[in-house]
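Please open the structure in your viewer and follow the stops below in order. Each stop suggests a selection and then describes what is found there.

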Amino acid sequence: MASERQIQNFIHRLEEGSWAAGIKAAALAITCAMVLVIVLFDPFFWSMFKGISDPKGMEQAAIARELARGNGFTTPMLRPLEVGSWIGRDQPVPTLLPATYHGPVWSAVLAGPLYLFKSKWAMGPDEYVYVGDKVVAAVSILCFYASIIVAFWVVRRLFDSKVAWIGALMTLLSLPLWQSALSGLPQMWMLLLFNLIIYATLRAMKRKEEEKSPLSWLAIVGVLFGVLVLTHAIAFWLLAGYLLFAGIYFKRLFITLPLLLGIVLAFYTPWMVRNYRVAQSPLGVSTYMITQQVRGSEAAIMRNFTPPKIPQPLHFRTKIQNGLSQQINAIVRNFGSSIVAPLFFIALLHTFRRKETEATKWLLVSLWLFALLGMSALGPDSLTSLSNSNDLNFIFIPLFIAYGIAFALVLWSRLELRHTFFRKAFIGLLMIISAIPFLTFVSTSNRLPFHWPPYSPTYIALLSNWTKDNEIIASDMPWAVAWYADRKSFWIPSTLQQFIRCHDYNLLSAPMAGVYLTPITGNQPFLSGIVRGEYKEWAPIIMRSPSTERFPFSKALPMPFDNQCVFFSDYERWADSLKAQ
């Protein structure tokens, strides 16, 4: 009898008792570790990870590598708009420009891990996926996992362990979150910080309910927001939404709001002072991104030596209206393609029993509405990318999923189907539907091991063998040349005359080795993109028929694939390496 009871107690512990949570956590941790290994090292040749995909992610990784070298926050990617500001100051242009477009935190996070792989910074000829890409993706995936753990704590406090487990699994199976994790952008780091902010807010709410001062936890919120805005300045829109909620919920306006705002500004002000010293603008070159879609694409703005004129407010209103319409129309896609997450908005009609659960619901509403305004004001990226660095919807996915699950279970309970099988089948169906995009991606076969077009990292890395450290390569994808070739790269300016002037008068303080063109320009529509578009000045070069009288590089090497890339130079720098092959 005693042995039977021991067996029954053992089984109970495994299924529902004290061991159940530990076993689930261990199984999930092992699964996550296996996924990390499969994605990054590709033992089954599935090519799930093709390298980081976002241009801004590549530039921030290149900044991190310069930071690891001891060069500080400098970028090897030279934007004509930044170069023009230095020329206007009658000062020599630094060969490595001070980085002002991006916040410093993500590059600082990546610098240490990249330094550990210093011996692998040069990409080998047999590599399809750059080691640096794997390092960046590994850090991002670990941040993703950590954010799920924090979200689990938050959801468990808001609802219960069952909703927390279901929400964690659904978040883990969200394809858009995985695409963000593999893009090179700081999105998963931002997701982790956001979930920590919500967790600290819950602790502050608890202190308020106990009639104790919540200021210590609100101070932690301020610190987390300070790090968040230094990661991406668009987080100031989130801060505005948080200040609105905090002012209403915590009430002590003349203490709460100055505390939060003061801490955030204490973090961000030194960075603005630094930007003003090196770029004569507190927000750096990113200041002009507000004119994107009004004065042209990001490429058109950044490839010009003179700043764009600030348009009339009417144009901004049209831009914001269009942005709001796009965000609302794509609401399911924006929230991780999860069928559950959009239920959050219907759950607003339901009053939850727990005070902190109800209050957090309205906190998320305030944060999301201000994020919506910020995303509409800045607009999406217009560069070649699978992701959007200005997207903030992703940080709401875990908690929106949790509220959606809780609301769906409330509705399910009203059907009075008491058998647990039906309830589990219902939850399983929701999870399978939400996971279909992820499962489709995993099961897709016959994929190239890199993002082509336009990136071919192995061939881009060859440019480092044909050029010297002190030389500059002009390109239509300077972020990729800076990252994979580890060379300073100048974004081809809007006019050919500006380029020739930079070359002839050595305005970049370093010699130019050549021009590398890719499908970014070659795949432009012939009439609207090349002949009459923003690359019209470069049409002869793109069509592979440069005028030798004006264009300084007379030698050309067609490069893979199908000669869609080409490297122009002053002499056949590649001759020796081709003979060796």
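**First stop: a loop tyrosine**

Select Tyr130 and, leaving aside its neighbours within four places in sequence, show the residues in contact with this tyrosine, which are Arg65, Lys120, Trp121, Met123, Trp483 and Tyr484. This is a predicted model, and Tyr130 lies in the loop between α5 and α6. Is this loop residue buried or exposed? With a relative accessibility of 1%, Tyr130 counts as buried, because the cut-off for that term is under 20% relative accessible area. For a view across the chain, add Pro307, which is 177 residues apart from Tyr130 along the chain and whose C-alpha atom is separated from that of Tyr130 by 35 Å.

**Second stop: the sheet**

Next, select the strands of the open sheet, six in number, which follow the order β2-β5-β4-β6-β8-β7 with mixed pairing. The edge strands are β2 and β7 (residues 555-559), each of which pairs on one side only. Now bring in helix α22, which packs on the sheet and touches β2, β4, β5 and β6 (residues 512-517), with its direction making about 175° with that of β5. Helix α23 (residues 496-504) also packs on the sheet, where it touches β4, β5 and β6, and its direction makes about 155° with that of β6.

**Third stop: strand β5 and its partners**

Narrow the selection to β5 (residues 488-491), where Lys488 and Phe490 point one way while Ser489 and Trp491 point the other way, all of them buried. In a regular strand the side chains alternate between the two faces of the sheet. Strand β2 (residues 77-78) runs parallel to β5 and is joined to it by two bridges, with Met77 standing opposite Ser489. Strand β4 (residues 472-475) likewise runs parallel to β5, here with four bridges, and Ser475 stands opposite Trp491. If you follow the chain through β4, helix α22 (residues 478-485) and β5, you trace a right-handed β-α-β unit.

**Fourth stop: the nonpolar core**

Which residues have the most contacts inside the largest nonpolar core? They are Phe396, Phe490 and Phe499, in a core of 181 residues. Helix α6 (residues 131-158) supplies the largest share of this core, namely 16 residues.

**Fifth stop: helix α10**

Select helix α10 (residues 215-231) and compare the distance between its end C-alpha atoms, 24 Å, with the span that its 17 residues should have at 1.5 Å a residue, which is also 24 Å, so the two agree. Colour the buried residues of α10, among them Leu218, Val221, Leu224, Phe225 and Leu228, and then display α5 (105-116), α9 (187-209), α11 (235-249) and α12 (253-279), against which the buried residues of α10 pack.

**Last stop: an alanine in α18**

Finally, select Ala402, which is found in helix α18 (residues 397-413) and which, at 1% relative accessibility, counts as buried. Leaving aside its neighbours within four places in sequence, Ala402 is in contact with Val155, Phe159 and Val163. To end the tour, add Val35, which is 367 residues apart from Ala402 along the chain, and note that the C-alpha atoms of the two residues are separated by 23 Å.

Key: Residues numbered from 1 in each chain as written. Predicted model: local features only at pLDDT ≥ 70, side-chain atom pairs only at ≥ 80, totals over all residues. Heavy atoms only, no water. Buried < 20%, exposed > 50% of the residue type's maximum accessible area, 1.4 Å probe, protein only. Pairing = 2+ DSSP bridges. Right-handed = clockwise from strand over helix to strand, strands pointing away. Contact = heavy atoms within 4.5 Å. Core = buried A, V, L, I, M, F, W, Y, C linked by side-chain atoms within 4.5 Å. Axes fitted to C-alpha atoms, helices over the stretch in contact; angles between N-to-C directions. Expected span 1.5 Å × (residues − 1).
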